[in-house]
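Biologist: Before using any labels on this fold, I would like to know what stands behind each of them. Please set each value against its cut-off.

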Amino acid sequence: MINYQRFVLENGLEVLVHEDHSTKMAVLNILYKVGSRNEIPGKTGLAHYFEHLMFGSSKNVPVFDTALERVGGSCNAFTNTDITNYYITLPAVNIETAFWLESDRMLQLNLSEKTIETQRKVVIEEFKQRYLNQPYGDVFHHIRKLAFDTHPYQWPTIGKDIEDIVNYTKEDVEEFYYTHYRPDNAILVVAGDVTLDQVKFLADKWFGDIPTGKIPKRSIPVELPQTSKKTLVVNAEVPTDALYKVYHMPGKLQEGYLQADLITDILGFGRSSTLEQKLVKNGHIFASVSAYIFGTVDPGLMVFSGKMEKGQTAELAEKALDQVVQEFLESAIPEDTLTKVKNQAEAMKTYESVQLLNRAMSLAYYAHLGSPELYQTEYEKKTQIPAQSILDWGKSILKEENASTVYYKAVVK
């Protein structure tokens, strides 16, 4: 377990302190409980857009990166469907600079027309380069739209359409900021060569006076169970056909989530995995194949994807994939296979815990799920799941009526 101490400011900001005096560095990680699941149709992509805005400027900080680099620090951030996470690494003696920078942009971010327009252009260009002009780049727009009817997971984090980003108004931006970028919607983790008393003092000094959110958050629509298979054919100028087959699965804290995670570990993790051995090494249809889960808070997707060899079709690939999956469901899971994937989980957890930044981010993420203790209990639960439970959940999830398939077809010129 990662050691930590916790306190909450009067304005609702949850603060976790992880002391590690074996280093002279410190990490300040702030997680906002907002991702693309908190958006609505017509205004998608705002969570990701805000990640860009937050690196613009705030009232007392003209250029965020420059102020940080002066004290030997570095920073970055990421946005996904469920959260937006910002992190700073710097010498521990300069930790107060990180408090100053993060508090200033939480309290008084620059939302001028010029800043809004500058970042709008940056995000639109990113949308074009990464999603519209890359081979297979728009595939998850298609997959999400096909698989989800009502839940906001039906669009990627970048947004559903460029038009949504083009049409953000200043009022849209301000409402999003004052709803979600508030202390009572955030978790602050300070890790490294710091003390609890030091962090309490600095947290109160820099964040204590920031007001709580006043705008109520919208409720998130619940996706109903899928009852029949969905398919979509996409024709595009790509080198070969590709197959993307997804199944609805439980959310992060629900029963069945860890079993689903183990299913994709067994079938698709590494060169010795079942899919790699049967479909790539000893097959002639797939050039590559993978299996993984989205790992979302709300019920999400188990994904099987692959690129075909030249001249092979996505439809033929699906039949080959289905056959391997069916064989998996009808056979006992070898004990050594289950031991191997559980050992891989242990190795991954050990590797992640080496980095101070990873520990800080893990504490923030599991605190947002309900308790930092979940970091350890989830791992322990995963390593104790029996083979039969994995197969039972596999039979429940891997059904055709629960599947959505995108056949990404190479257009023959």
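Modeller: This is a predicted model. Under the salt-bridge rule, a side-chain nitrogen of Lys or Arg within 4 Å of a carboxyl oxygen of Asp or Glu, the count comes to 25 salt bridges.

Biologist: What makes Arg-130 and Glu-126 a salt bridge?

Modeller: Their closest N and O atoms are 3.1 Å apart, and the limit is 4 Å. Arg-130 and Glu-126 are four residues apart in helix H4, so about one helical turn separates them. As a general matter, an α-helix has 3.6 residues a turn, so residues three or four places apart point the same way.

Biologist: Why is Glu-126 called buried?

Modeller: Glu-126 has a relative accessible area of 15%, and buried means under 20%. Glu-126 is therefore buried.

Biologist: How do you know that the side chains of Glu-318 and Lys-245 meet in a salt bridge?

Modeller: The N to O distance is 3.0 Å, set against a limit of 4 Å. The pair links distant parts of the chain, with Glu-318 in helix H11 and Lys-245 in strand S8, 73 residues apart. Glu-318 has 6% relative accessibility and therefore counts as buried; Lys-245, at 0%, counts as buried too. Both belong to a network of salt bridges that links Lys-229, Lys-245, Glu-318, Asp-322 and Glu-400.

Biologist: Which parts does the pair of Glu-327 and Lys-278 tie together, and why are these residues called partly exposed?

Modeller: The closest N and O atoms of Glu-327 and Lys-278 are 3.1 Å apart, a salt bridge. Glu-327 lies in helix H11 and Lys-278 in helix H10 (residues 274-281), so the pair ties together parts 49 residues apart in sequence. Partly exposed is the range between under 20% and over 50%. Glu-327 is at 31% and therefore falls in that range, as does Lys-278 at 42%.

Biologist: What makes S3 and strand S5 a pair?

Modeller: A pair needs at least two bridges. Eight bridges join S3 (residues 25-32) to S5 (residues 84-91), and the two run antiparallel. Tyr-32 stands opposite Thr-84 in S5. S3 also pairs with strand S6 (residues 186-192) over seven bridges, again in the antiparallel sense, and there the bridge partner of Ile-30 is Leu-188. Seven of the eight residues of S3 are buried.

Biologist: How many bridges join S10 to S8 and to strand S9?

Modeller: Eight join S8 to S10, and seven join S9 (residues 286-293) to S10; both pairings are antiparallel. Val-246 stands opposite Val-303 in S10, and Ser-288 stands opposite Lys-307. S9 and S10 form a hairpin with six residues between them, and Gly-295 in the turn has a positive phi of about 70°. Eight of the nine residues of S10 are buried.

Biologist: What sets Tyr-136 apart in its phi, and is it buried or exposed?

Modeller: Tyr-136 has a positive phi of about 65° although it is not a glycine. In general, most residues other than glycine have a negative phi. Tyr-136 sits in the loop between helix H4 (113-132) and helix H5 (139-147). With 12% relative accessibility, Tyr-136 is under the cut-off of 20% and so counts as buried.

Biologist: Why is Ala-364 called buried, and what does it touch?

Modeller: Ala-364 has a relative accessible area of 0%, so the buried label applies. Ala-364 lies in helix H13 (residues 356-369). Not counting residues up to four places away in sequence, Ala-364 touches Asn-29, Leu-31, Ile-187 and Val-189. Ala-364 and Gln-5 are 359 residues apart in sequence, yet 12 Å apart in space, C-alpha to C-alpha.

Biologist: Why does Met-348 qualify for a surface patch?

Modeller: Patch residues need over 30% relative accessible area. Met-348 is at 41%, so it passes this cut-off and is partly exposed. Met-348 lies in helix H12, and with Phe-269 and Tyr-351 it makes a nonpolar surface patch of about 330 Å².

Biologist: Which residues have the most contacts inside the largest nonpolar core?

Modeller: They are Phe-50, Ile-95 and Phe-99, in a core of 56 residues. Apart from it lies another core, of 39 residues, among them Val-280, Met-302, Phe-304 and Ala-317.

Notes: Residues numbered from 1 in each chain as written. Predicted model: local features only at pLDDT ≥ 70, side-chain atom pairs only at ≥ 80, totals over all residues. Heavy atoms only, no water. Buried < 20%, exposed > 50% of the residue type's maximum accessible area, 1.4 Å probe, protein only. Patch = residues over 30% accessible without salt bridge, like charges linked within 9 Å, V, L, I, M, F, W, Y side chains within 5 Å. Areas by Shrake-Rupley, 256 points an atom, 1.4 Å probe, with all protein chains shown as cover. Core = buried A, V, L, I, M, F, W, Y, C linked by side-chain atoms within 4.5 Å. Contact = heavy atoms within 4.5 Å.
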